[in-house]
Amino acid sequence: MNAVIVDTNVIVIANDIDDKRADCRDRCQDRLQQIISRREKVVIDDDWRILKEYKNNTKPNTRKGIGDVFVKTLLQNLKNPNFCTTVPITPLAGNGTEFKEFPTDSALYGFDPDDRKFIAVALAYQAQFGQTATILLAIDSGWTNYIAALAAHGVSVDSICKEDSS
């Protein structure tokens, strides 16, 4: 089973009702539906940094968007190894955005500190299980300049909405 790390923008776009991004929204919804139907497994950190970000951007108990349903399903299946795997990541400097697992590489200088947890989780999963967990992105131009540098460290990124990412 493929393992994926879902960037929060996939969830937010999947819940979006704006017709300007309907194609991207539909692709995000389809990908989340694949996860919900257990065709892919979610990977998050064991301190729930990623899960907390998801919860801050959704309303899993009141709204009915597919992003909300995904978060609710994740909350209900945190201990189900067929749905979710948690990996430890090591915070540095107490700021919550720097992690031991994040590569020390000048090509990654300027990478969004709030997104470093996703990279740390991908590399921790790879170290622990010897497999790649692909990071799913929807629309996030901040990642564009770093895709090659991340790939050099074994981080796989799937831009669901490539034409919208620039």
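Arg-63 counts as partly exposed, because its relative accessibility is 37%, which falls between the 20% limit for buried and the 50% limit for exposed. The structure is a predicted model. Arg-63 is found in the loop between H3 and H4, and one of the residues in contact with Arg-63 is Asn-15. The points below start from this pair and then go on to the helices, the sheet and the chain as a whole.

**Arg-63 and Asn-15**

- Leaving aside neighbours within four places in sequence, Arg-63 is in contact with Asn-15 and Asp-68.
- Arg-63 and Asn-15 are 48 residues apart in sequence, and their C-alpha atoms are 9.2 Å apart in space.
- Asn-15 lies in helix H1.
- Asn-15 is buried because its relative accessible area is 13%, and buried means under 20%.
- The side chain of Asn-15 reaches the backbone nitrogen of Gly-67 at 2.9 Å.
- Not counting residues up to four places away in sequence, Asn-15 touches Thr-58, Arg-63, Gly-65, Ile-66, Gly-67 and Asp-68.
- Of these partners of Asn-15, Ile-66, Gly-67 and Asp-68 are among the buried residues of helix H4.

**Helix H1**

- Helix H1 is mostly covered, with seven of its eight residues buried.
- The buried residues of H1 are Thr-8, Asn-9, Val-10, Ile-11, Ile-13, Ala-14 and Asn-15.
- These buried residues pack against the strands E1 and E4 and against the helices H2, H3, H4 and H5.
- At the start of H1, a side-chain oxygen of Asp-7 comes to within 2.9 Å of the backbone nitrogen of Asn-9.

**Helices H4 and H5**

- Helix H4 covers residues 66-76, and its buried residues are Ile-66, Gly-67, Asp-68, Phe-70, Val-71, Thr-73 and Leu-74.
- Residues three or four places apart in an α-helix point the same way, because there are 3.6 residues a turn.
- The cover over the buried residues of H4 includes three helices, H1 (8-15), H2 (22-36) and H3 (49-56).
- That cover over H4 also includes three strands, E1 (2-6), E2 (40-45) and E3 (84-87).
- Helix H5 (residues 116-129) lies across E1, E2, E3 and E4.
- The angle at which H5 runs to E3 is about 95°.

**The sheet**

- Five strands form an open sheet in the order E3-E2-E1-E4-E5, and the pairing is parallel.
- E3 and strand E5 (157-159) are the edge strands, and each of them pairs on one side only.
- On average, neighbouring strands of this sheet are turned by 35° against each other, direction ignored.
- E1 pairs with E4 in the parallel sense over four bridges, and Val-4 stands opposite Thr-134 in E4.
- Strand E4 (residues 133-137) is joined to E5 by three bridges, and the two strands run parallel.
- The bridge partner of Ile-135 in E5 is Val-157.

**Strand E4**

- E4 is mostly covered, with five of its five residues buried.
- In a regular strand, side chains alternate between the two faces of the sheet.
- Ala-133, Ile-135 and Leu-137 point one way from E4, whereas Thr-134 and Leu-136 point the other way, and all are buried.
- Two of these residues have a listed partner in a neighbouring strand: Thr-134 stands opposite Val-4, and Ile-135 is the bridge partner of Val-157.

**The chain as a whole**

- The chain contains six helices and five strands.
- Along the sequence these elements follow the pattern β-α-α-β-α-α-β-α-β-α-β.
- The radius of gyration is 15 Å, close to the 15 Å that the globule rule gives for 166 residues, so the chain is as compact as a globular protein of that length.
- Taken along the principal axes, the C-alpha atoms fill a box of roughly 40 × 35 × 30 Å.
- Of the 166 residues, 48% count as buried.
- Among contacts with a separation of 6 or more, 65% are between residues 24 or more positions apart.
- The chain exposes about 8300 Å², and carbon and sulfur atoms supply 47% of that area.

Conventions
Residues numbered from 1 in each chain as written. Predicted model: local features only at pLDDT ≥ 70, side-chain atom pairs only at ≥ 80, totals over all residues. Heavy atoms only, no water. Buried < 20%, exposed > 50% of the residue type's maximum accessible area, 1.4 Å probe, protein only. Contact = heavy atoms within 4.5 Å. Pairing = 2+ DSSP bridges. Axes fitted to C-alpha atoms, helices over the stretch in contact; angles between N-to-C directions. Rg over C-alpha atoms; globule rule 2.2 N^0.38 Å. Areas by Shrake-Rupley, 256 points an atom, 1.4 Å probe, with all protein chains shown as cover. Polar contact = N/O pair within 3.5 Å; in protein donor to acceptor, adjacent residues only side chain to side chain.
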